[in-house]
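Here is a short walk through one protein structure, for a reader who has not seen it before. The text begins with a metal site and then turns to a sheet.

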Amino acid sequence: MVAVLKPNATDAQIKNLTEWLEGRGLKVHISKGESYTILGLIGDTSKIDEDLIAGLETVDSVKRVSEPFKSVNRKFHPGDSVINITETLKIGGGHFQIMAGPCSVESPGQILEIAKSVKASGASVLRGGAFKPRTSPYDFQGLRADGIELLLEAKRQTGMPIVTEIMNANHLDMFENVDIIQVGARNMQNFELLKELGKLNKPILLKRGLANTLQELLMSAEYIMAGGNRDIILCERGIRTFETYTRNTLDLSAVPMLKELTHLPVVIDPSHACGLARLVPPMAMAAVAAGAHGLIIEVHNDPVNAMCDGGQSLTPEQFGEVAEKVRKIRGVIS
Ligand code: PEP
Ligand code: MN
């Protein structure tokens, strides 16, 4: 971190500030120019409040030169993290997986039929929401505990691992046999929830918030990793912009940027990003071409009558076509 001092900073003020910073465990390198003095702060600045220093009377501006995230930082872990979803199924590095299924679990027949069809087309993980974060309290809130039971039954019958969203750490007992716990976009900065997930030994699918930067996403992953759980899959699912034709704007550059910054796997959710089923196939292919380690796609056997997100859900047949195209693109780029 570098602090540029105001031109009128006196020697006494510089000395006071230097001692104050040293008291916080940092070494301070002072560089005096014609009119500006620059302090180079050396050491672990991750715990230093940048805004606090910027607000000091003698300080003109502050700039971080190293990232505030450590455990998820590729600098300290150059190789890609490969995460075991099950004993035999991996994601990250050279391992690519497609997660597919309905937005919400609706009935035993619905989840089982979709599970069987997406499995047959090449999906390796079944998705399905049991606890649904809906904007309106009057909308379908999910089958909750019953939804988890139906997912577990589909898992038993198809052998597919399952991913489903948690909204409250008090529900953790219900997630014992869930293979990947999803943290939805709206909970990306629910830090108490992230701390609880950090204590688990289970993969977490962490979705980027609607209006969060990549650095904030990585800091949320850092919360989970700081608790000891290193199995985190990052998910870009579109961010809110001024564009209104699509539900969100898919930030595809997040894939190569995150891969540069972190060793964690990155997956793309083109369904929530676009909000329109017809845009899902091209964006899924683009995500694969950009280097994503996986996709999470909403699929429904009767999209028009879906309880949630029918307009962005592919039919099983459409999903099969996308999965085939994705396989071809992977063949070309690998
Ligand atoms: C979902 O996956 O169904 C979901 C609610 O996603 P997001 O948190 O990205 O909106
Ligand atoms: Mn959805």
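A donor here is an N, O or S atom within 2.8 Å of the metal, with a limit of 3.2 Å for Na, K and Ca. Water is not among the atoms, so a site may look incomplete. The model itself is predicted.

With that in mind, look at the manganese ion (ligand 2). Its protein donors are Cys103 through SG, His272 through NE2, Glu298 through OE and Asp309 through OD, at 2.0 to 2.4 Å from the ion. Along the sequence, the spacing of these donor residues reads C-x168-H-x25-E-x10-D. Glu298 belongs to strand β14 (residues 294-298), while Asp309 sits in the loop between β14 and α10 (316-333), so this pair ties together parts that are eleven residues apart in sequence. Glu298 and Asp309 are both buried.

Now turn to the sheet. How are its strands ordered? The order is β2-β3-β1-β4, four strands in an open sheet with antiparallel pairing. Because β2 (27-32) and β4 (59-63) are at the edges and each has a single partner strand, one side of each is left without a neighbour in the sheet. From one strand to the next, the twist averages 20 degrees.

The partner of β4 is β1 (residues 2-5), and the two pair in the antiparallel sense over four bridges. In one of these pairings, Val2 has Lys63 of β4 as its bridge partner.

Helix α1 (residues 11-22) packs on this sheet and touches β1, β2, β3 (37-42) and β4. The direction of α1 makes about 155 degrees with that of β2.

Technical notes
Residues are numbered from 1 along each chain as its sequence is written. Chains are lettered from A and ligands numbered from 1 in the order in which they are written. This is a predicted model: local features need pLDDT of at least 70, side-chain atom pairs count only at pLDDT 80 or more; totals for chains, interfaces and linings use all residues. Side-chain values use heavy atoms; hydrogens and water are left out. Two strands pair if DSSP finds at least two bridges between them. Axes are lines fitted to C-alpha atoms, for helices over the stretch in contact, and angles run from 0 to 180 degrees between N-to-C directions. Contact means heavy atoms within 4.5 Å. Buried means under 20% relative accessible area, exposed over 50%, partly exposed in between (1.4 Å probe, protein chains only).
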